[in-house]
Amino acid sequence: MDDANRDTAGNYDTARRELVADLRRRLDVDERALAAIESVPRHAFVPEDRQSSAYADRPLPIGHDQTISAPHIVALMTDLLDVEPGDRVLEVGTGCGYHAAVVAEIVGSENVYSVEYVPELAEAARERLHWLGYDVVVDAGDGRTAFPDEAAFDAAYLTCAPADGVPDSIVDRVRTGGRVVAPIGPAGKQRLVRLTVGEEGIGREDYGGVRFVPMR
Ligand code: SAH
């Protein structure tokens, strides 16, 4: 065990606590999102040769040309979802399953429905999540059409960026009063937005420039 980020007990608890302390100083997000980050073993979601970097605040490759987002982005997006225990959440872009686990810490894992386009990633994430005790429902497929029978959700989020805005078919699956958090726009011009589904239309807030993989 020559990994300097492991503590004397051979685990990553200290590294994870330090990451969360750093996020707490830098971000203006609710304590619930930070507590969720502190509960999820990010090293268990990244390839073995990346585990020593799991608690640095940066994205990491997870195979198939995809990446796990940096922890501060996961914290911010989780905060913007504004969910409570028992809320039902749709995730588009499971990737390795890390972000789903963070949201599951808040709403309860049986309330998270996640869809992933790459079948191999979906299968690996499903196994990993279940092995770690998260009963997240993971399907392989396209987020535009996934989980038709599970709507309406209290909130949805995308971890891949649709170039032309959030597809209507996803917004339509969120209840009135619910939220959609997503990166939108073409490569190099993406913005993180939060949509609020209202009786009389969709509200939109902008949270700045971001970099995500494109939605397929
Ligand atoms: N939340 C993930 C981040 C994954 S990166 C994590 O914590 O690891 C974004 C993922 O979105 C990629 O795995 C990509 O394959 C997936 N994706 C891209 N387009 C998609 C689509 N149309 N439907 C579902 N997933 C999609």
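In the predicted model, the protein exposes about 10,200 Å², of which carbon and sulfur atoms supply 45%. Of its 216 residues, 51% count as buried. The C-alpha trace spans about 55 × 35 × 35 Å along the principal axes. The radius of gyration is 16 Å, which agrees with the value near 17 Å that a compact globule of 216 residues would have. The secondary structure comprises 6 helices and 9 strands. Among contacts with a separation of 6 or more, 54% join residues 24 or more positions apart.

Aromatic side chains form 4 pairs in the structure. In one of them, the ring centres of Phe45 and Tyr98 lie 5.7 Å apart with the planes at 75 degrees, so the arrangement is edge-to-face, given that angles over 60 degrees fall in that class. This pair links distant parts of the chain, 53 residues apart: Phe45 belongs to the loop between helix 2 (31-39) and strand 1 (60-63), and Tyr98 to helix 4 (residues 98-107). Phe45 and Tyr98 are both buried. The face of Tyr98 is also covered by Arg42, which lies 5.6 Å from the ring centre.

A second edge-to-face pair is made by Tyr113 and Phe147, with ring centres 5.4 Å apart and planes at 75 degrees. Here strand 4 (residues 112-116), which holds Tyr113, is linked to the loop between strand 5 (137-140) and strand 6 (153-158), which holds Phe147; the two residues are 34 residues apart. Both Tyr113 and Phe147 are buried. Ring pairs join these two residues and Phe153 into a cluster.

Charged side chains contribute 11 salt bridges. Asp22 and Arg26 meet in one of these, with an N to O distance of 2.7 Å. Because the two residues are 4 positions apart in helix 1 (residues 13-26), about one helical turn separates Asp22 from Arg26. Both count as partly exposed, Asp22 at 23% relative accessibility and Arg26 at 45%. Arg26 also forms a salt bridge with Asp57, again at 2.7 Å from N to O. That contact connects helix 1 to the loop between helix 2 and strand 1, across 31 residues. Asp57 is partly exposed, with a relative accessible area of 22%. Asp22, Arg26 and Asp57 are thereby linked in a network of salt bridges.

Elsewhere, Glu150 and Arg88 form a salt bridge in which the closest N and O atoms are 3.0 Å apart. The partners are 62 residues apart, with Glu150 in the loop between strand 5 and strand 6 and Arg88 in the loop between helix 3 (71-81) and strand 3 (89-92). Glu150 is partly exposed, at a relative accessible area of 26%.

How values were computed:
Residues numbered from 1 in each chain as written. Predicted model: local features only at pLDDT ≥ 70, side-chain atom pairs only at ≥ 80, totals over all residues. Heavy atoms only, no water. Phe/Tyr/Trp six-rings, centres within 6.5 Å; stacked < 30°, edge-to-face > 60°. Buried < 20%, exposed > 50% of the residue type's maximum accessible area, 1.4 Å probe, protein only. Lys NZ or Arg CZ within 6 Å of the ring centre and 35° of its normal. Rg over C-alpha atoms; globule rule 2.2 N^0.38 Å. Contact = heavy atoms within 4.5 Å. Areas by Shrake-Rupley, 256 points an atom, 1.4 Å probe, with all protein chains shown as cover. Salt bridge = Lys/Arg side-chain N within 4 Å of Asp/Glu carboxyl O.
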